[in-house]
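User: Could you take a close look at the enclosed cavities in this model for me? I'd like to hear what lines them and where the lining comes from.

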Amino acid sequence: MIRKYVIGSPMETDSVVVDITPSDGRIPKFKADEAGHMLTYVMDDADRIYGLGETVRGINKRGWHYVSNCSDDPNHHEDKTSLYAAHNFMVVVSAKEVFGLYVDTPGKVEFDAGYTDHSILSVILEDFDAIAYFIDGASARDVVRQFRGIIGKSYVPPKWGFGLGQSRWSYVNEDEVREVADRYDEAGIPLDSIYLDIDYMDGYKDFTVSDEAFPDFKEFVDEMKSRGIRLVPIIDAGVKIEQGYDVYEEGVAGGHFVKKEDGSLLTAAVWPGRVHFPDFLREDTRRWFGDKYKVLLDAGIEGFWNDMNEPAIFYTEDHLSEVFEKIDGYKGRNLDINGFFEFQGLIDGIPNNPEDYRLFYHEKDGLKVRHDKVHNLYGFNMTRAAGEAFERLCPDKRILMFSRSSYIGMHRYGGVWTGDNASWWSHLLLNVQQMPGLNMSGFLYSGADTGGFGADVTRDLMIRWISFSIFTPLFRNHAAMGTRRQELYALGDSGAFKKLVGLRYALIPYLYNEYLRAVRDDDVIFAPLAFDYPDDERACGVEDQLMVGRSIMIAPVYVQNARGRHVYLPEGMKMVRFRSMEDYDEEELPGGDHYLRAELGEVLTFIRPGCSLPIVTPAMRVEEIDMKTLKCLSYGGSGDYEFIE
Ligand code: MIG
C-alpha cells in the first residue's frame, strides 16, 4: 500500500509516473515537526535501513547521515555525505514492521540514519517542500517492488552493453583506439566497446570531433564496428562559449541557457574554459539538446556517457573575479595561521562553490526557479534529453546511455556509473555495497570504474575487482589520466584476465535475462542476503556477499593477499569455484559458516537449492555468443532455467 503526502507546495520532479490521490493527515510511523520539514522515527537496536542509492558506507545505511545534493567530489571517503546522485528512497526493516519512504524533492534533503542519535532516523528537508510516499509492505522486497511500480520501468541497454568496455581518460586519436582493440584481440580477451573521453572532441566542444585525431570519424566508427567494437563518446553538460560554434549560437538564440537574476547568461567554466549551461528543465531545451546527439548517431555511434552534470563548476566568472580582487589584499602580507588558511580557503573554495549554485535560474513549468532549489534534477534532465531524443530518432534501437549525476526518474532513460573512485581495495568493497541501493532506486544498469579511476592499480586488485564486476551490468575498466596503465593487457600475464572476462561472457545470458526479469517484475538484481533470508539474523548482518538474480549468491574477495575468505551460507548451496568457464569445481556445502579458499583468479559462486545457472561458451563479442552452447549448472530442481526473451 502506497500513500502520498504533500508537504507545502512541492515542485513536480517527474520521478513518479502514477497518479496517486494525496492522503490527509500524518505520515504513518513518523513524527513530524510543525512545518513538516523534519520527520523522525524511533528505531530499535536491530533495525536496519536499506537504499539511498549511490552513497558511501555499507549496505545497511544505519549509523551515518547522507545528504542528497549531487556533488562532483572525487574523494569517496566514508566521511562524505554526498556523492553525485540523489536517490531519496529507503526501506526500514525492524522486527515489528517493514516500510519504505520516498521523499520526492528536487532540493537538498538529509537522511540522518542514526548518526546524531543512534536510535533516531530523521529526514530533514532543508528549506524545501516535498511529496512523501509512504509504502507499507510485507517484506523489504515487496516494498521495493511497490515503489518501483510508481516510478516507471527501468531503462534497458542493448545487449552489447553487457560486454566489457575499455576506457581511459583519454585515448586521444584513432591509432590509440585501434591499438586498444588490437591488443585485446591479440590477448584473446573479449571486448565490446571502447570509450572516448573528452579529448576526442574539438576543443572540448560537445557534439564535435577533432579532425586531427579522427580525420574521418564515421569511417573509423564503421571500421571498429566491422570488428564488433562500438565507440562510446562522452558528452559534458557545459557548452563552450565560442563564436561560430553552432551549439553555442543556437543555444543563445533559442534562449536555452540558464540565466542570472538580472536575465544575463551565467558564465561558468569547465573543460573548455567558459561555458553556458543548457536549461535541461525546459522541455524545448531538452528537445533541442537531445537532437544534437543525432550528429553522433549519424556517424554510427550507439552509446554515450553523460558527464559533469551535477553540474560540476570549475568556477563562475562572478565568483572568480571576487577571488582575484581579494587575492590582491594578501599580496606582501605576513600570513599567519589564520591568514594563510583564509587564503587557502579562498582558492579551495573556487570549484563547486555553493554560492555559485544560487546564482542562476531555471525556467520550470513557466516559472523562474533558483538553481539550488532544483539542483538534483539537472543530471536527470540532461540524460532525459538524450533518452527522449533516442525515442524520437531511433525508436527501434536500444542506445547505451549512462550518466554521472542522477535522480530517481532518470532510471527510465539510462544507467549510472559511480564516478571517480580510486584504485583502492576499500573501493572494491564500496562497489559491492553500492549495488543493492542503486538497484532499489531503479538503477539496474550500473557499475563502478573497474580497477579504480584515480590512483595506481595493482595486478591483484584488478583481478579481484574484475572477479566481482563480471556480475555488474555495466562492466567498464576506466582510469584517470596520469595513472598507471590499466588495460587488461598491460598488467602482466593477460591469461588470468582472458579467463575472467571469458567467464563474464559465459554468464551474459543469465545476467541479461535476470536484468530483463528485474525490469519486468520491478525487482532488484543485487539483493542483500536480508531480502531473501529475512528471518536469518546472521544473513541480515552480512555486508560483503550479495544475491545476484534468482539463482546465485556471490562472495567477492576484497582484501589484498587474502587466499580465501569466510562465507556465510543461509542455507545449503552448491559452491562453484570458477577459474574459468571450463575450469571449475563444484561442492555441495551445508548452511552455516565456512572458510573457503579463493586464490587469485578464483570466483566463488553459490547456486541456491532448486536453481540453475546457465552458462555458454565465451565469445570475443556479445553478438557472437552461441546460445547452442548453453548448459546449466544446477543444485537440485529440474535443472532448467527459464529465459524471458
Ligand atoms: O573532471 O572527462 O568522472 O570519468 O574521465 C573530470 C574526464 C572530468 C570526470 C569523470 C571521469 C572522466 C573525466 N571527467
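Analyst: Quick bit of vocabulary before we dig in: Ala, Val, Leu, Ile, Met, Phe, Trp, Tyr, Cys and Pro count as nonpolar, Asp, Glu, Lys and Arg as charged, and the others, Gly among them, as polar. Keep in mind too that this is a predicted model.

Searching the whole structure turns up 6 cavities of 30 Å³ or more. Let's start with the largest cavity, which comes in at about 90 Å³. Its lining is made up of Arg464, Ser467, Phe468, Phe471, Ile554, Ala555, Pro556, Val557, Glu602, Val603 and Leu604. Sorted by class, that's 8 nonpolar, 1 polar and 2 charged residues. As for where they sit, helix H11 (459-469) and strand S36 (603-607) each chip in at least two lining residues, and H11 has the largest share, with 3 residues.

Next up is the second largest cavity, with a volume of about 70 Å³. Here 13 residues do the lining, and the ones closest to the centre are Leu52, Thr55, Tyr66, Val67 and Ser68. Two strands matter for this lining: S5 (65-68) and S6 (85-86) each supply at least two residues. The largest share belongs to S5, again 3 residues. By class, the lining of this second largest cavity splits into 7 nonpolar, 5 polar and 1 charged residues.

So what do you get side by side? The largest cavity has 1 polar and 2 charged residues in its lining, while the second largest has 5 polar and 1 charged.

Technical notes. Residues numbered from 1 in each chain as written. Predicted model: local features only at pLDDT ≥ 70, side-chain atom pairs only at ≥ 80, totals over all residues. Heavy atoms only, no water. 1 Å grid on protein atoms, 1.4 Å probe; cavity = no way out; pocket = protein on both sides within 12 Å on 5 of 7 lines; lining within 4 Å. Points joined across faces, edges and corners; volume = space filled by probe spheres on them. Helix = DSSP H or I, 4+ residues; strand = E, 2+ residues; numbered from the N terminus.
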